[in-house]
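Reader: I would be grateful for a close look at the surroundings of the ligand. Please describe which residues take part and how the contacts are made.

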Amino acid sequence: MSTIEEEASDLIFENGHKTNLDKLKSKFAKYSGGSVKLIKDDETGIATINLDNPSRKNALSGSMMTDLYNIVSELEKWDKGKGIIIYGTDGFFSSGGDMNTVKEIDNCVDGRDMGILMFDTLQRLQALPMISVALVEGKAIGGGAELTTACDFRLMSKSAKIGFVHIKLGITVSWGGGTRLVQIIGSHKALEIISSGRQLTAQEALDIGLATHIIEESPESKKSNLDYTKEWLLEHIGGPTSTINALKTIIHSARTLPFKESLKRELETFPKVWGSPPHKKALSMNIKLR
Ligand SMILES: CCCC(=O)SCCNC(=O)CCNC(=O)[C@H](O)C(C)(C)COP(=O)(O)OP(=O)(O)OC[C@H]1O[C@@H](n2cnc3c(N)ncnc32)[C@H](O)[C@@H]1OP(=O)(O)O
């Protein structure tokens with residue numbers, strides 16, 4: 001392994017991981033532009049994460065990358081969380097890495113450091129014990145497309161597109177999106193999409209299993225796509241918070257751990273909700289499951 005690879009693997013996996021990430025956060029915080037905003041609704045258990053850099057099509061600057069890192073760390077401590085929606089301002093998801101930041105860090109060491117920060121952030125986002133949805137309107141391009149893969153579901157407006165355009169910039173996927181895309185749609189389709197760098201329409205994304213649902217936009221509908229997405233998510237987080245958290249833990253284990261490890265995790269998790277107050281209440285009510 002070259003020294004860059006050795007250093008990268010040390011930074012990602014060595015014990016001093018946390019210290020290194022604090023150093024990386026302050027390194028990237030200085031590349032300013034836009035912000036990422038979090039609103040947590042304790043009543044519904046839904047957190048909305050807004051990518052807000054509209055003059056740059058919600059591209060993620062270095063400071064927005066550190067915003068997102070801090071938001072994921074805050075959500076890891078939120079005990080009322082059941083669901084997450086990530087969306088972009090002005091009906092556009094994100095055009096990926098902010099080129100103003102990217103041009104400042106166009107060397108392999110800084111690129112590696114950005115990768116480490118975003119790998120850690122998006123892996124922890126995907127692992128949160130909450131059901132997460134990327135609301136894709138407009139386009140999700142480059143790192144923006146990768147960010148959608150860190151969510152459990154992708155709801156797309158009819159005219160939206162997702163494009164892993166990295167190859168057109170002479171680079172590979174950079175934020176773990178390649179690995180997660182293979183998890184979602186398989187290596188054959190993932191390689192075809194990433195190697196072509198083409199932008200998928202919502203229908204194409206739905207057909208290959210990358211998109212979960214297409215939101216039919218109707219001019220007369222007063223409901224915003226964000227409200228529609230909240231309603232859609234509420235249908236999937238109706239259960240008790242502890243059960244939703246346990247369910248997501250089991251599914252995330254199954255997509256990231258070896259088979260026997262995941263079975264063990266499921267066996268350890270379900271007893272935490274079996275005989276719980278919500279379980280006992282349901283049993284006492286003789287619920288008829290039609
Ligand atoms: C680091 C991980 C890997 C990466 O993500 S590398 C970056 C990959 N992203 C890209 O290459 C996307 C570049 N942008 C585009 O292709 C287009 O702007 C895009 C997103 C399709 C939108 O096209 P349009 O709707 O025609 O809008 P536009 O091009 O006129 O852009 C409007 C203003 O936004 C700016 N913008 C768009 N994407 C940006 C970006 N990634 N970083 C910084 N600024 C960006 C663009 O420069 C323009 O600004 P201005 O109005 O000319 O001042």
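Author: In this predicted model, the ligand is surrounded by 19 residues. The closest of these are Ser 55, Ser 95, Gly 97, Met 99 and Gly 143. Sorted by class, the surrounding shell comprises nine polar, seven nonpolar and three charged residues.

Three of the closest residues also offer polar backbone atoms to the ligand. Ser 95 places a polar backbone atom 2.8 Å from a nitrogen atom of the ligand. At Gly 97, the partner is an oxygen atom of the ligand, which lies 2.8 Å from a polar backbone atom of that residue. Met 99 contributes a backbone N or O atom, and the separation from a nitrogen atom of the ligand is 2.8 Å. As for coverage, the ligand taken alone exposes 960 Å², of which the protein buries 59%.

For context beyond the ligand, one helix pair may be described as well. Helix H11 spans residues 241-256 and helix H12 spans residues 259-269. Their axes come within 8 Å and cross at roughly 170°. Because angles over 145 degrees count as roughly antiparallel, H11 is roughly antiparallel to H12. On the H11 side, the contact is formed by Ala 246, Thr 249, Ile 250, Ser 253 and Ala 254. These meet Ser 262, Arg 265, Glu 266 and Thr 269 in H12. The residues of this contact divide into four polar, three nonpolar and two charged.

Note on methods:
Residues are numbered from 1 along each chain as its sequence is written. This is a predicted model: local features need pLDDT of at least 70, side-chain atom pairs count only at pLDDT 80 or more; totals for chains, interfaces and linings use all residues. Side-chain values use heavy atoms; hydrogens and water are left out. A residue is near a molecule or strand if one of its heavy atoms lies within 4 Å of it. A polar contact is a pair of N or O atoms within 3.5 Å; within protein, one must be able to donate a hydrogen and the other to accept it, and residues adjacent in sequence count only if both atoms are side-chain atoms. Accessible areas come from the Shrake-Rupley method with a 1.4 Å probe; for residues, only the protein chains shown count as cover. Ala, Val, Leu, Ile, Met, Phe, Trp, Tyr, Cys and Pro count as nonpolar, Asp, Glu, Lys and Arg as charged, and the others, Gly among them, as polar. Axes are lines fitted to C-alpha atoms, for helices over the stretch in contact, and angles run from 0 to 180 degrees between N-to-C directions. Helices (H or I, at least four residues) and strands (E, at least two) are DSSP runs, numbered from the N terminus. Angles under 35 degrees count as roughly parallel, over 145 as roughly antiparallel, 65 to 115 as roughly perpendicular and the rest as oblique. Contact means heavy atoms within 4.5 Å.
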